[in-house]
Amino acid sequence: MKRVSQQQQQQCIKRREAPTTTMDEDDNERQQLMPWPTKRPCSRVTQEQVQRDVDGDDCSSTVQAIRGYCRKRNMPSDVYRPVVQQDADRCSGGKFRLTDLISELHRVFAEDRVNVEYVQYLMESYRSDPAEWLKYAKFNKFRYTRNLVDAGNGKFNLMVLCWGEGDGSSIHNHPESDCIMKMLAGQLTEVRFAWPEKSAVDGDDVDEDDQQLQPMCEIGRTLLETDGVCHINDTMGLHRVENASHTDKAVSLHLYCPPFEECSTFNQQTGHKTMAKSAFWSIYGEKVSKKRAEEHVPADDN
Ligand SMILES: N[C@@H](CS(=O)O)C(=O)O
Ligand SMILES: [Fe+2]
């Protein structure tokens with residue numbers, strides 16, 4: 001992840017805002033070739049392998065690092081299965097695939113309480129392999145698309161978002177939800193904003209429609225590159241996401257816990273808030289019909 005100056009970004013961003021996805025271009029979606037990133041290896045350590053590693057081969061430092069990671073965050077390392085970012089050629093553990101990530105998410109979310117930092121760590125541990133997510137990457141030429149990968153057990157959902165050149169979301173919140181977002185291909189800029197101020201005169205009771213209209217305050221800007229991860233929830237602020245590139249598409253993986261179907265979008269100049277529905281462009285790799293898009297997302301076992 002690297003920070004970029006506001007000026008740099010403003011020079012090259014042509015945004016097409018699309019806070020929500022409507023399903024009126026069934027025949028217009030694009031399925032063009034992406035500038036896929038080169039594959040980077042990653043391995044999942046089994047218990048046997050952890051033992052081998054601790055017994056002294058090359059990977060022991062990685063295992064120690066994982067244990068340190070868990071200890072620092074008061075996460076029991078026997079509960080949280082280690083996922084390591086190391087070269088599969090050096091240590092013969094299997095690759096940590098998208099399906100492994102999903103299985104581990106189901107295991108973690110089966111519990112009553114979930115450690116969001118650990119979920120972020122899992123998202124970071126997965127190394128993007130286009131072959132694993134290509135079937136979800138369905139583009140639309142007018143706006144970014146949301147493509148459901150897994151509906152979780154109702155406690156989270158996982159989706160692939162496809163961003164054409166210049167696509168962007170409006171400033172929005174993530175109601176009562178943690179959003180963990182990972183780049184799968186290309187680059188996106190995440191721009192964060194403070195919540196609009198309520199009228200100082202009227203205090204907290206002010207009706208939202210009557211709040212003072214003033215430009216929203218940008219509080220941060222991060223360029224996310226392939227495999228980069230960021231985390232936001234409503235206590236951390238609002239954001240919008242932009243593909244500033246005029247030549248490359250981008251693909252990101254978003255986990256929301258819990259899932260939400262509506263959010264608020266905000267006018268950057270005035271702070272005015274509007275409700276928006278969040279729809280899927282495809283579900284489990286199948287394009288959603290206009291009619292079905294208006295229905296609820298199917299349960300996990302459909
Ligand atoms: N949260 C947005 C994507 S992004 O711009 O963070 C969505 O779910 O559509
Ligand atoms: Fe978002």
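What follows is a chat between a trainee and a mentor about this predicted model.

Trainee: What makes H172, H174 and H239 the protein donors of the iron ion (ligand 2)?

Mentor: Distance. A donor has to be an N, O or S atom within 2.8 Å of a metal like this one. The NE2 atoms of H172, H174 and H239 lie 2.1 Å from the iron ion, so they pass that cut-off. Along the chain the donors follow the spacing H-x1-H-x64-H.

Trainee: Why does the pair H172 and H239 tie together separate parts of the chain?

Mentor: H172 sits in strand 8 (residues 171-172) and H239 in strand 13 (residues 238-242), so the pair links parts that are 67 residues apart in sequence.

Trainee: How do you know that S169 makes a polar contact with ligand 1?

Mentor: The pair must be N or O atoms within 3.5 Å. For S169, a side-chain N or O atom is 2.6 Å from an oxygen atom of ligand 1, so it qualifies. H172 has a polar side-chain atom 3.0 Å from a nitrogen atom of ligand 1, and for Y256 the distance to an oxygen atom of that ligand is 2.5 Å.

Trainee: How much of ligand 1 does the protein bury?

Mentor: On its own, ligand 1 exposes 270 Å², and the protein buries 97% of that. The residues around ligand 1 include Y144, R146, L161, W163 and V241.

Trainee: Now the sheet. Why are strand 12 and strand 18 called edges?

Mentor: The sheet is open, with seven strands in the order 12-9-14-6-5-17-18 and mixed pairing. Strand 12 (229-232) and strand 18 (286-287) each have a single partner strand, so one side of each has no neighbour in the sheet.

Trainee: What makes strand 9 and strand 12 a pair?

Mentor: Pairing takes at least two bridges. Strand 9 (residues 178-185) and strand 12 share four bridges in the antiparallel sense, so they count as paired. One of the bridge partners is C230 in strand 12, matched with M181.

Trainee: Which strands does helix 5 touch?

Mentor: Helix 5 (residues 116-125) packs on the sheet against strand 6, strand 9, strand 12 and strand 14, and its direction makes about 5° with that of strand 9.

Trainee: Last one: why do E176 and P258 get a mention?

Mentor: Because most residues other than glycine have a negative phi, and most peptide bonds are trans. E176, in the loop between strand 8 and strand 9, has a positive phi of about 55°. The peptide bond from C257 to P258 is cis, with omega near -10°. P258 lies in the loop between strand 14 and strand 15 (262-266).

Terms used:
Residues numbered from 1 in each chain as written. Chains lettered and ligands numbered in written order. Predicted model: local features only at pLDDT ≥ 70, side-chain atom pairs only at ≥ 80, totals over all residues. Heavy atoms only, no water. Helix = DSSP H or I, 4+ residues; strand = E, 2+ residues; numbered from the N terminus. Contact = heavy atoms within 4.5 Å. Axes fitted to C-alpha atoms, helices over the stretch in contact; angles between N-to-C directions. Near = heavy atom within 4 Å. Polar contact = N/O pair within 3.5 Å; in protein donor to acceptor, adjacent residues only side chain to side chain. Areas by Shrake-Rupley, 256 points an atom, 1.4 Å probe, with all protein chains shown as cover. Donors = N, O, S within 2.8 Å, 3.2 Å for Na, K, Ca; no water.
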